[in-house]
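Q: I should like to learn how to read cysteines, nonpolar cores and sheet topology from a set of coordinates. Could we work through one case together?

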Amino acid sequence: MKKIPTLLLMSAMAICMAACAQTPNPEKKNAPTKDLSKYSTAVFAAGCFWHEEALYDGIKGVQEAISGYAGGDVDNPNYESVSTGNTGHAESVMVYYDSTVVSYTTLLKAYFEAQDPTSVNGQGADRGSQYRSIAFYNNGEQKKQIEDYIQQLNASGRYEKPIAVIVMPYTKFWNAEDYHQEYVVNHPNSNYVQNVCVKEVKHFQKKFPELIKSDRVIK
């Protein structure tokens with residue numbers, strides 16, 4: 001994962017928070033207009049949901065990636081409440097994918113590759129329980145795949161510390177406000193997007209070019 005100087009990251013986070021706070025119409029995102037009921041779903045949390053959404057939107061077979069909140073027990077959470085770290089929710093992404101084109105295992109590969117999976121309660125300067133890494137499972141098969149993948153990574157010797165990703169059953173996903181959706185696409189010149197989001201997505205795309213949609217390649 002790309003390393004960004006601490007001062008630059010802190011500056012980027014300040015810009016990130018300011019941008020969100022100044023958004024004039026922080027309404028909840030409506031349900032997707034297209035029918036996604038025939039697709040499989042996967043839910044992941046790994047720090048800021050902006051680059052997680054951009055990461056998955058670029059993978060072949062993914063029909064939709066939606067930023068939102070999951071993992072807590074507070075109904076109807078919003079960005080401000082989740083940011084306190086008191087709701088139990090983490091910034092997450094709901095991924096709708098065509099399992100005949102892309103496998104759940106491939107989505108797991110993307111998930112673990114695009115973060116530091118040994119980091120506890122956050123990625124980079126995004127710190128707090130709302131940024132913790134969680135791999136949610138919908139069924140026993142997904143749970144087994146996640147646990148097997150973690151076991152393989154721990155045994156690989158790739159990381160000095162153990163994998164810190166939490167494995168949790170999926171219960172409920174709450175869509176984030178409209179201004180968070182497609183944030184990387186809609187705010188390409190944001191300092192945070194350029195210095196954090198884009199670098200992480202480019203890192204993954206460069207390593208696995210065969211997985212990326214031609215119209216989603218970041219240059």
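**Reading the features of a predicted model**

A: Let us begin with one cysteine. In this predicted model, Cys48 is buried, with a relative accessible area of 2%.

Q: How far is the sulfur of Cys48 from the closest cysteine sulfur?

A: The test for a disulfide is that two cysteine sulfur atoms lie within 2.5 Å. The closest cysteine sulfur to that of Cys48 belongs to Cys197, at 5.2 Å, which is too far for a bond. Cys197 is accordingly in no disulfide, its nearest cysteine sulfur being that of Cys48.

Q: Is Cys197 buried or exposed?

A: Residues under 20% relative accessible area are classed as buried. Cys197 has a relative accessibility of 0% and therefore counts as buried.

Q: How many disulfides does a search of the whole structure find?

A: The search finds zero.

Q: Which residues have the most contacts inside the largest nonpolar core?

A: A nonpolar core is read as a set of buried residues joined through side-chain atoms. The largest one here has 50 residues, and Phe44, Tyr56, Leu107 and Phe112 have the most contacts inside it. Helix H7 (residues 191-207) supplies the largest share of this core, with seven residues. A second core, separate from it, has twelve residues, among them Tyr39, Val43, Ala45 and Ile66.

Q: With which residues is Leu107 in contact, leaving aside neighbours within four places in sequence?

A: Setting those neighbours aside, Leu107 is in contact with Ala42, Phe44, Tyr56, Val62, Val95, Tyr97 and Val102.

Q: What is the strand order of the open sheet?

A: One reads a sheet by following the pairing from strand to strand. The six strands of this open sheet follow the order S7-S6-S1-S3-S2-S8, and their pairing is mixed. Strand S7 (166-169) and strand S8 (173-175) are the edge strands, since each pairs on one side only. From one strand to the next, the twist averages 35°.

Q: In which sense do strand S1 and strand S6 pair?

A: Strand S1 (residues 40-45) pairs with strand S6 (residues 134-137) in the antiparallel sense, over three bridges. Phe136 in S6 is the bridge partner of Val43.

Q: Which strands does helix H2 lie across?

A: Helix H2 (residues 49-57) lies across S1, strand S2 (62-70) and strand S3 (90-97), and runs at about 165° to S2. Helix H5 (residues 140-156) lies across S1, S3, S6 and S7, and runs at about 150° to S6.

Key:
Residues are numbered from 1 along each chain as its sequence is written. This is a predicted model: local features need pLDDT of at least 70, side-chain atom pairs count only at pLDDT 80 or more; totals for chains, interfaces and linings use all residues. Side-chain values use heavy atoms; hydrogens and water are left out. Buried means under 20% relative accessible area, exposed over 50%, partly exposed in between (1.4 Å probe, protein chains only). A nonpolar core is a set of buried Ala, Val, Leu, Ile, Met, Phe, Trp, Tyr and Cys residues joined through side-chain atoms within 4.5 Å. Helices (H or I, at least four residues) and strands (E, at least two) are DSSP runs, numbered from the N terminus. Contact means heavy atoms within 4.5 Å. Two strands pair if DSSP finds at least two bridges between them. Axes are lines fitted to C-alpha atoms, for helices over the stretch in contact, and angles run from 0 to 180 degrees between N-to-C directions.
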